[in-house]
Amino acid sequence: MAAFNSLGHVAFRVNDLEKSLDFYARLGFPEFLRLTNDDGSPWICYLKITDESYIELFPGADGTTVPNTMRPGLNHLCLTTEDMDATDAHLRSVGIPFESPRNPEPGIDGNRGAWIVDPDGNRIEIMEMAPACIQYEAIKAFNAGKGATALNRPLKPKAA
């Protein structure tokens, strides 16, 4: 039996709590709990993803934003969707732009995806997992006792 059964939460230190709460609420993650300091100021806010997973927002960051994707530490948060087109329409309707134009075609892993950025510069991947994507195929092989799968994939698909 594994020692852990899921990822519980991801925590971010944020510069502007209200701006971050608004951003994540527009993604569909409502605040469900707030802990406060003795003076009543917010210490931590919890945002619901599912009943078992959530995002924690800690106010009081130093005013800078995440510098780049090559820094050590957390690189990005990935949110999955069953329908990338519906998610695209939702994000547009609530005014959250993609980091770059969304490619409607699946990537080399077989999944469709896009990127957004939160108010503090944290990158968030939006991914529609394909039923036969390489990740699911590797999990099936792993669960069947075949160990880790190693694939040598080019970073970009070869030109036809």
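Two strands count as paired here if DSSP finds at least two bridges between them. Helices (H or I, at least four residues) and strands (E, at least two) are DSSP runs, numbered from the N terminus. This is a predicted model, in which local features need pLDDT of at least 70 and side-chain atom pairs count only at pLDDT 80 or more, while totals for chains, interfaces and linings use all residues. Residues are numbered from 1 along each chain as its sequence is written, and side-chain values use heavy atoms, with hydrogens and water left out.

**Stop 1: the three-stranded sheet**

Select β5, β7 and β6, which form an open sheet in just that order, with mixed pairing. At the edges you will find β5 (77–81) and β6 (112–117), each pairing on one side only. From one strand to the next, the twist averages 25 degrees; axes are lines fitted to C-alpha atoms, for helices over the stretch in contact, and angles run from 0 to 180 degrees between N-to-C directions.

Now keep β6 and add β7 (residues 123–128): six bridges join them in the antiparallel sense. To check the register, click on Arg112, whose bridge partner in β7 is Glu128.

**Stop 2: the whole chain**

Zoom out for a moment. The chain has three helices and seven strands, and along the sequence they follow the pattern β-α-β-β-β-β-α-β-β-α. Its C-alpha trace spans about 60 × 40 × 30 Å along the principal axes.

**Stop 3: the four-stranded sheet**

Next, pick β1, β4, β3 and β2, which make an open sheet in that order, again with mixed pairing. Here the edge strands are β1 and β2, each of which pairs on one side only. Ignoring direction, neighbouring strands of this sheet are turned by 20 degrees against each other on average.

Follow the backbone through two hairpins:

- β2 (residues 31–36) pairs with β3 (residues 42–48) in the antiparallel sense over five bridges. Five residues lie between these two strands, and Gly40 in the turn has a positive phi of about 90 degrees. Leu33 has Tyr46 in β3 as its bridge partner.
- β3 then runs antiparallel to β4 (residues 54–59), with four bridges joining them. This hairpin also has five residues between its strands, and Leu47 stands opposite Ile55 in β4.

Add α1 to the view. This helix lies across β1, β2, β3 and β4, and runs at about 165 degrees to β4; contact here means heavy atoms within 4.5 Å.

**Stop 4: the core**

What should you show as sticks to see the residues with the most contacts inside the largest nonpolar core? Choose Phe12, Tyr24, Leu27, Ile55, Leu57, Ile116 and Ile124, from a core of 23 residues. A nonpolar core is a set of buried Ala, Val, Leu, Ile, Met, Phe, Trp, Tyr and Cys residues joined through side-chain atoms within 4.5 Å. Buried means under 20% relative accessible area, exposed over 50%, and partly exposed in between (1.4 Å probe, protein chains only). At least two core residues come from each of β1 (9–14), α1 (17–27), β3, β4, β5, α2 (84–93), β6 and β7. The largest share, five residues, belongs to α1. In soluble globular proteins, nonpolar side chains tend to be buried together. For the chain as a whole, 29% of the 160 residues count as buried.

Centre the view on Phe12 and display its surroundings. Not counting residues up to four places away in sequence, Phe12 touches Tyr24, Ile55, Glu56, Leu57, Phe58, Leu74, Leu77 and Asn122.

**Stop 5: the cavity**

Stay with Phe12, one of the residues lining the largest cavity, and select the others: Arg71, Leu74, Asn75, His76, Leu77, Asn122 and Arg123. The volume of this cavity is about 30 Å³. On a 1 Å grid over the protein atoms alone, a cavity is a set of points where a 1.4 Å probe fits but cannot get out, and a pocket is an open set with protein on both sides within 12 Å along at least five of seven lines; lining residues have an atom within 4 Å of a point. Grid points are joined across faces, edges and corners, and a volume is the space filled by probe spheres set on the points.

**Stop 6: the second largest pocket**

Finish at the second largest pocket, with a volume of about 400 Å³. Of its 22 lining residues, select Phe29, Ile49, Cys78, Leu79 and Thr80, the closest to its centre. Two or more lining residues come from each of β1, β4, β5 and α2. Which element should you colour for the most residues in this lining? Colour β5, which gives five.
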